[in-house]
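Please open the structure in a viewer and keep the sequence panel visible beside it. The tour below proceeds by selection, with a short account of what is found at each stop.

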Amino acid sequence: QVQLEESGGGFVQAGGSLRLSCVASGRTFSTGAMGWFRQAPGKEREFVVAIRWQDNNAFYANSMKGRFTISRDRAKNSVHLFLTSLKPEDAAVYYCAGNDRGRPIMTTLTSRQYYEYWGQGTQVTVSS
């Protein structure tokens with residue numbers, strides 16, 4: 001059974017930065033993908049970014065391009081999400097998600113249904 005554990009959330013002022021991490025345990029990823037979604041109060045959970053494991057290709061939601069960066073650490077079976085130029089509207093619970101099978105096409109990665117594993121989430125709060 002794969003478990004995902006996020007860390008790195010916190011409180012930051014607008015314009016600030018945070019680094020989120022997600023470590024997978026229970027199985028080593030060699031294919032599939034890992035990604036991040038976020039959910040603000042009263043809103044749907046939305047796609048942020050994902051990275052395909054076998055080729056390190058990343059796919060970003062349009063509104064996050066240029067501000068957020070995902071990276072993969074194969075040795076530690078983990079991904080990191082660098083959040084910069086944070087805005088109050090970026091405040092949300094950020095969830096790590098993963099699927100360790102298949103070779104997904106990039107647009108598949110935006111769908112919550114693709115992911116088999118989810119973390120508990122980490123809170124990001126941005127003050128104006």
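Begin by selecting Cys22 and Cys96 in this predicted model; their link is left-handed, with -80 degrees about the S-S bond. Cys22 belongs to strand E3 (residues 18-25) and Cys96 to strand E9 (residues 92-99), so the pair ties together parts that are 74 residues apart in sequence. A disulfide is a covalent bond between the sulfur atoms of two cysteines. Display the two sulfur atoms of Cys22 and Cys96: they are 2.0 Å apart, and a disulfide is called where such atoms are within 2.5 Å. By this rule the count comes to one disulfide.

Are these two cysteines buried or exposed? Cys22 is buried, with a relative accessible area of 0%, and Cys96 likewise counts as buried at 0%.

Next, select Leu81, which is placed in strand E8. With a relative accessible area of 0%, Leu81 is buried. Which residues does Leu81 touch, leaving aside those up to four places away in sequence? They are Leu18, Arg19, Leu20, Trp36, Val48, Val49, Phe68, Thr69, Ile70 and Tyr94. To gauge a distance from this stop, pick the C-alpha atoms of Leu81 and Glu46: they are separated by 15 Å, and the two residues are 35 residues apart along the chain.

Move now to Asp90, in the loop between strand E8 (78-83) and E9. Although it is in a loop, Asp90 counts as buried, because its relative accessibility is 1% and buried means under 20%. Show the side chain of Asp90 together with the backbone of Lys87: a polar atom of that side chain lies 2.8 Å from the backbone nitrogen of Lys87. Then add Arg38, Arg67, Phe68, Ser85 and Val124 to the selection; Asp90 touches these residues, when those up to four places away in sequence are not counted. Phe68 has appeared before, as one of the residues touched by Leu81.

For the last stop, select Lys76, in the loop between strand E7 (68-73) and E8. Is Lys76 buried or exposed? Lys76 is exposed, with a relative accessible area of 59%, whereas Asp90, the loop residue of the previous stop, is buried. Finally, select Val23 as well: the C-alpha atoms of Lys76 and Val23 are separated by 7.3 Å, although the residues are 53 residues apart along the chain.

Terms used. Residues are numbered from 1 along each chain as its sequence is written. This is a predicted model: local features need pLDDT of at least 70, side-chain atom pairs count only at pLDDT 80 or more; totals for chains, interfaces and linings use all residues. Side-chain values use heavy atoms; hydrogens and water are left out. Helices (H or I, at least four residues) and strands (E, at least two) are DSSP runs, numbered from the N terminus. Buried means under 20% relative accessible area, exposed over 50%, partly exposed in between (1.4 Å probe, protein chains only). A polar contact is a pair of N or O atoms within 3.5 Å; within protein, one must be able to donate a hydrogen and the other to accept it, and residues adjacent in sequence count only if both atoms are side-chain atoms. Contact means heavy atoms within 4.5 Å.
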